[in-house]
Amino acid sequence: MRINDVAVRAARRHHMEIFLHTGLFEHGVQPDVGIVCPYPFEDRVRIQHPDWCPRDRWGQRRCPGPLSFASPQVRRLLVDRYVRHVTAHGYDGLSFYPYVENVGIRYDDEFGFEPAVVREFQRLHPDADPTRDLLTEQQRLDLHRCRGKFVTDFLRELHTALQARGKRLAVILDAKDPANAQPWWGHPIPGTSSIHMDWETWVKERIVDELYVQLGEVADQQATLDRLLATCAGTPVKLTVRATHPLQETSWASYVQRGVTPISCITSPVNDLERYTREPTSPATLRDPDWRLRAQKLADIAAGKLEAEAAAVSAATRDPHFLVRRQSLFAL
């Protein structure tokens with residue numbers, strides 16, 4: 001059984017929605033590019049069709065990560081791929097994150113000069129050539145919008161195909177600069193070059209079913225949510241925010257009242273979700289038939305909330321359930 005099927009069955013068993021989560025621009029990198037995590041791969045389509053990748057202004061270097069949405073062939077191929085995968089495995093929809101996990105870009109606007117993008121730009125500025133001329137700040141922003149125009153084209157085509165099958169589309173936005181592709185964490189520029197993420201058009205045209213504010217400074221997340229709430233008012237577009245402390249009322253209570261859903265997908269000692277337990281633990285919990293309660297007891301011991309005999313905790317290292325055995329090491 002494939003992991004997709006295991007995940008979907010678990011979601012159905014617990015009456016949960018489940019979305020396929022993948023990168024909007026993430027299709028791997030050529031071998032000479034530095035990456036963030038040790039999993040170098042490159043989509044076979046990028047290898048077979050290098051002309052379908054975003055290029056630098058000289059047409060010499062491929063942008064590590066994306067396939068170019070300026071290509072109609074790329075849009076058709078990816079729409080077919082995603083719809084088949086979401087449908088075949090029974091997901092409720094598709095969720096995109098807006099960054100690439102590589103460090104191959106050297107400066108902003110290094111990439112994104114495909115012929116279709118240049119033609120779109122020259123409709124606005126017929127006397128300027130973005131591959132050769134020094135652009136004004138307004139021209140640079142227009143170039144970003146021209147790149148983003150093709151992202152919107154792709155999302156529109158994908159949403160139409162997903163909607164016909166009862167599936168939904170969600171897109172994550174950068175917390176600080178939601179109108180731009182997201183940089184990798186701690187990096188000053190997006191690994192794709194700047195691309196305008198025209199979320200206001202997506203809402204207006206019902207191209208997305210959900211917008212999801214990425215992790216970031218709470219003040220930035222709240223400022224972006226305020227804009228989203230104003231734009232999405234009266235529409236069916238759902239709003240979600242990824243929070244380190246999703247249950248912190250001082251930060252999120254007023255947003256929850258207005259329909260925003262704070263969520264967390266972090267596993268760390270500062271995650272609020274790991275501070276809440278199913279029920280109070282006791283010495284007997286280490287022998288409970290429910291492995292989750294046994295693990296909870298050990299987590300409480302590790303956090304210093306409870307004391308226990310070392311021998312009892314040591315015995316948990318031989319527990320039948322892997323996660324209980326793992327938690328016993330922290331408790332020890």
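## A tour of cavities, a pocket and salt bridges

The largest cavity in this predicted model has a volume of about 160 Å³. To find the cavity, select Pro54, Ser68, Glu114, Arg147 and Ile195, the closest to its centre among the 17 residues that line it. Next, colour helix α5, residues 137-163: with 3 residues, this helix gives the largest share of the lining. Colouring the lining of the largest cavity by class shows 12 nonpolar, 3 polar and 2 charged residues. The count for the model is 2 cavities of 30 Å³ or more.

Keep Arg147 selected and add aspartate 109. The two form a salt bridge, with 2.8 Å between the closest N and O atoms. Arginine 147 sits in helix α5 and aspartate 109 in the loop between β2 and α4, 38 residues apart. Both arginine 147 and aspartate 109 are buried.

Now add arginine 140. Its side chain also meets that of aspartate 109 in a salt bridge, at 3.0 Å from N to O. Because arginine 140 lies in helix α5 and aspartate 109 in the loop between β2 and α4, this pair ties together parts 31 residues apart in sequence. Aspartate 109 counts as buried because its relative accessible area is 6%, under the 20% cut-off. Arginine 140, at 23% relative accessibility, counts as partly exposed.

Extend the selection to Asp108 and Glu137: together with Asp109, Arg140 and Arg147, they are linked in a network of salt bridges.

Stay in the loop between β2 and α4 and select glutamate 110, then arginine 61. Their side chains meet in a salt bridge of 2.8 Å, N to O. Arginine 61 belongs to the loop between α2 (44-48) and α3 (72-89), and the two residues are 49 apart along the chain. Glutamate 110 is buried, at 0% relative accessibility, whereas arginine 61 is partly exposed, at 22%. The count of salt bridges in the model comes to 22.

For the last stop, select Phe19, Ser95, Glu210, Tyr212 and Ile263. These lie nearest the centre of the second largest pocket, which is lined by 18 residues. The space in this pocket is about 470 Å³. Show the strands next: β1 (19-23), β2 (93-97), β3 (168-173), β4 (210-213), β5 (238-242) and β6 (260-263) each supply at least two residues of the pocket lining. Coloured by class, the lining of the second largest pocket divides into 9 nonpolar, 5 polar and 4 charged residues.

Methods: Residues numbered from 1 in each chain as written. Predicted model: local features only at pLDDT ≥ 70, side-chain atom pairs only at ≥ 80, totals over all residues. Heavy atoms only, no water. 1 Å grid on protein atoms, 1.4 Å probe; cavity = no way out; pocket = protein on both sides within 12 Å on 5 of 7 lines; lining within 4 Å. Points joined across faces, edges and corners; volume = space filled by probe spheres on them. Helix = DSSP H or I, 4+ residues; strand = E, 2+ residues; numbered from the N terminus. Nonpolar A, V, L, I, M, F, W, Y, C, P; charged D, E, K, R; others polar. Salt bridge = Lys/Arg side-chain N within 4 Å of Asp/Glu carboxyl O. Buried < 20%, exposed > 50% of the residue type's maximum accessible area, 1.4 Å probe, protein only.
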